[in-house]
Amino acid sequence: MAFSGLMSVQSLKLGLLPIVSYFIYVYLLKPALNFVHIVIHYHGFPCYPKNFLLGHLKLLWTNFPLPYNVERMKRKFYEVTNKMAAHDQDQSLTVGWISLHPIIIPVVPDAVEVIMNKKNLKKQFFYKFMGLGNGLIPSEPALWKVRRKLIEPFFSTKQMKGFAKHINQEVESFTKQLYGETGKPVDLEDQIHSSTLNIILKSSLSIPLDDSIEDKKSLTELVNKVELNGVKRCLNPLYYIDWIAKFTNFGRYYFETLDSVEKILKKMLIRRKQLISSTSHESENQDFVLLLEGKVDERGFFDELITMIGAGHETTSVGLRWILFNLGHHPDVQERLYQEIVQFFPDDTPVDDMDKINQCNYLDQCIKESLRLNPPVHALSRDLTEDIMVKDKRLLKGSIVVVSISIIHRNPNVYPEPDKYDPDRWTPENASKIPKAAYIPFGYGPRSCIGYRYAILELKIYTIQIIRKFSLRSTRKHGSIPVMSAVTLKPCLPLEIIVTPRNNN
Ligand code: HEM
């Protein structure tokens, strides 16, 4: 008996050995070997001078090894990636080293095109920290494919025509408020943020523009917190794993903030139901709830709704602030734009006719140029799921790629005097010479922005309404505004403008 018991322990041990070895190989040895392979492979690729062990980390973490300052790092990220790209401007790409970890940074449009056009690229793990669950932006390729198809009709031409109406309605009341802001330098950050949030809540949840004011105020504050929390989480590995993060004060705060967002949205959904059941409420558009109802489970619905609301207003808000700031520096551009606008939209004519909006060519050029110079989203990141050749260089499966939109948008070989705001770069003749992947404010490839037509429409309606009523003058020098990398590229100083009613001139 004892002998056979011993045998069974022995055979159990023998049986377990291959299983344990398998797990050691799959979860420890293979990743370690892959990592070593990747590090060796990228050794010798073009890169900005680096430290042997720390790589470029010290450029970001300037007081290493003392605890790093999150705010300083957010500012440094933009500065450092630009420095690296400028150093290797004649190459297709450069490599940033976070200690021993290589990050591939394409420097020229051709490299962006080859990489970003690939199907099934995976988003980097820190997209998950943006508070969007498994929504369209962070989702894995298989889920993304199904959901993208489901959501695309939300942005159809018919829908856009309906959206134009309530966008215009909101922008009209926003513009009226500007009369209270005249004659002094103002950064309209809060006003614009609330206004763009109001618009996306009307489009996605059919919440009327003048309804649920207190909830909208709380939501604006929460959205700001979610963005800041997301960046803080990315910058501290202690917060990477959910259950470990929850042991920390920050982790608890992070998840509580997300819960609060969901609570407010649930409240708004109840309000929507009340409004729909009352006979007076009629929606001219199919809202997001109607689109997804019965097609995704409850978790999926919330993830997509939060994604749509989050992605659909903060980006436009930052973009508009820069547009106004850029126009405020160029009275000549403003005058030309004003003349075009009043030709199509004189006096108080509503700005909701898509055909007429699309005929404002100079408006299009002014907005395009602002999104080039100051892209609201400044970086995209991907994990390669296969080897890719960029010219003569092989990028390995498993590598991390970061595309800095700002670097691509300021390539002097494509954009002479890249720091200059010049809408004439976008005349049809000039624009035809700009490679497609050299202009990527809305990303590039299959995962580019699903809401870009909506965003452009919104930016155009704001610009038309504001410029036909006010002239703008910016009080700070453009180049003196430092920026920091949050989810959007935010100015660190107020983008102050002085708004003057035109009928006072
Ligand atoms: C000026 C405004 C906007 C800018 C600059 C912008 C920029 C971008 C960029 C760069 C991406 C690609 C992200 C990546 O590749 O990782 C993206 C994706 C996305 N954007 Fe926008 N966006 C804007 C407005 C909007 C609006 C108004 C909406 C919705 C109403 C929206 C919804 C989305 C969604 C859902 C995705 C994910 C698409 C996918 O992966 O299929 N965006 N956006």
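## Helix α10 and its surroundings

In this predicted model, the buried residues of helix α10 are G251, Y254, V261, M268 and R272. Helix α10 itself covers residues 249-277, a run of 29 residues. From the first C-alpha to the last, α10 reaches 42 Å, close to the 42 Å expected at 1.5 Å a residue.

Several other helices receive the buried residues of α10. These residues pack against α7, α8 (213-234), α9 (242-245), α11 (288-292) and α12.

## The contact of α7 with α12

Two of these partners of α10, namely α7 and α12, also meet one another. Helix α7 is formed by residues 189-205 and helix α12 by residues 298-311; their axes come within 9 Å and cross at roughly 145°. The crossing of α7 and α12 is right-handed. On the α7 side the contact is made by I200, L201 and S204, and on the α12 side by L305, M308 and I309. Sorted by class, the residues of this contact are 5 nonpolar and 1 polar, with no charged residues.

The loop that follows, between α7 and α8, holds S206. Most residues other than glycine have a negative phi. S206, a residue other than glycine, has a positive phi, near 60°. With 24 other C-beta atoms within 10 Å, S206 is buried, because the cut-off for that class is 20 or more.

## The ligand shell and helix α13

The ligand is surrounded by 24 residues, of which G312, T315, G443, C449 and G451 come nearest. Three elements give two or more residues to this shell: α12, α13 (314-328) and α19 (452-469). The shell divides by class into 14 nonpolar, 8 polar and 2 charged residues.

Helix α13, one of the contributors to the shell, is mostly covered, with 15 of its 15 residues buried. The helix reaches 21 Å from its first C-alpha to its last, close to the 21 Å expected at 1.5 Å a residue.

## The contact of α6 with α19

Helix α19, which also contributes to the shell around the ligand, packs with helix α6 (residues 157-177) at an angle of about 35°, and the two axes are 9 Å apart. The crossing of α6 and α19 is right-handed. From α6, the residues in the contact are M160, F163, A164, I167, N168, V171, E172 and T175. They meet R453, Y454, L457, E458, I461, Y462, Q465, I466 and K469 of α19. By class, the contact has 10 nonpolar, 3 polar and 4 charged residues.

Helix α6 also contains K161. K161 is partly exposed, with 16 other C-beta atoms within 10 Å; this count lies between the limits of 12 or fewer for exposed and 20 or more for buried. The C-alpha atoms of K161 and H330 are separated by 31 Å, and the two residues are 169 residues apart along the chain.

## Individual positions elsewhere

L100 is found in the loop between the strands β1 (93-98) and β2 (101-106). Since L100 has 14 C-beta neighbours inside 10 Å, it counts as partly exposed. Apart from residues up to four places away in sequence, L100 touches V39 and G55. L100 and N51 are 49 residues apart in sequence, and their C-alpha atoms are 9.8 Å apart in space.

P141 is placed in helix α5 (residues 141-151). P141 counts as partly exposed because 14 C-beta neighbours lie inside 10 Å. When neighbours within four places in sequence are left aside, P141 is in contact with N120 and K122. Between P141 and S195, 54 residues apart along the chain, the C-alpha separation is 33 Å.

D347 lies in the loop between α14 (331-344) and α15 (354-359). Its phi is near 50°, a positive value in a residue other than glycine. D347 counts as exposed because it has 7 C-beta neighbours inside 10 Å, and the cut-off for exposed is 12 or fewer. Two loop residues with a positive phi thus fall into opposite classes: S206 is buried, whereas D347 is exposed.

Note on methods: Residues numbered from 1 in each chain as written. Predicted model: local features only at pLDDT ≥ 70, side-chain atom pairs only at ≥ 80, totals over all residues. Axes fitted to C-alpha atoms, helices over the stretch in contact; angles between N-to-C directions. Helix = DSSP H or I, 4+ residues; strand = E, 2+ residues; numbered from the N terminus. Left-handed = near helix turned anticlockwise from the far one by under 90°. Contact = placed C-beta atoms within 7 Å. Nonpolar A, V, L, I, M, F, W, Y, C, P; charged D, E, K, R; others polar. Near = placed C-beta within 6 Å. Expected span 1.5 Å × (residues − 1).
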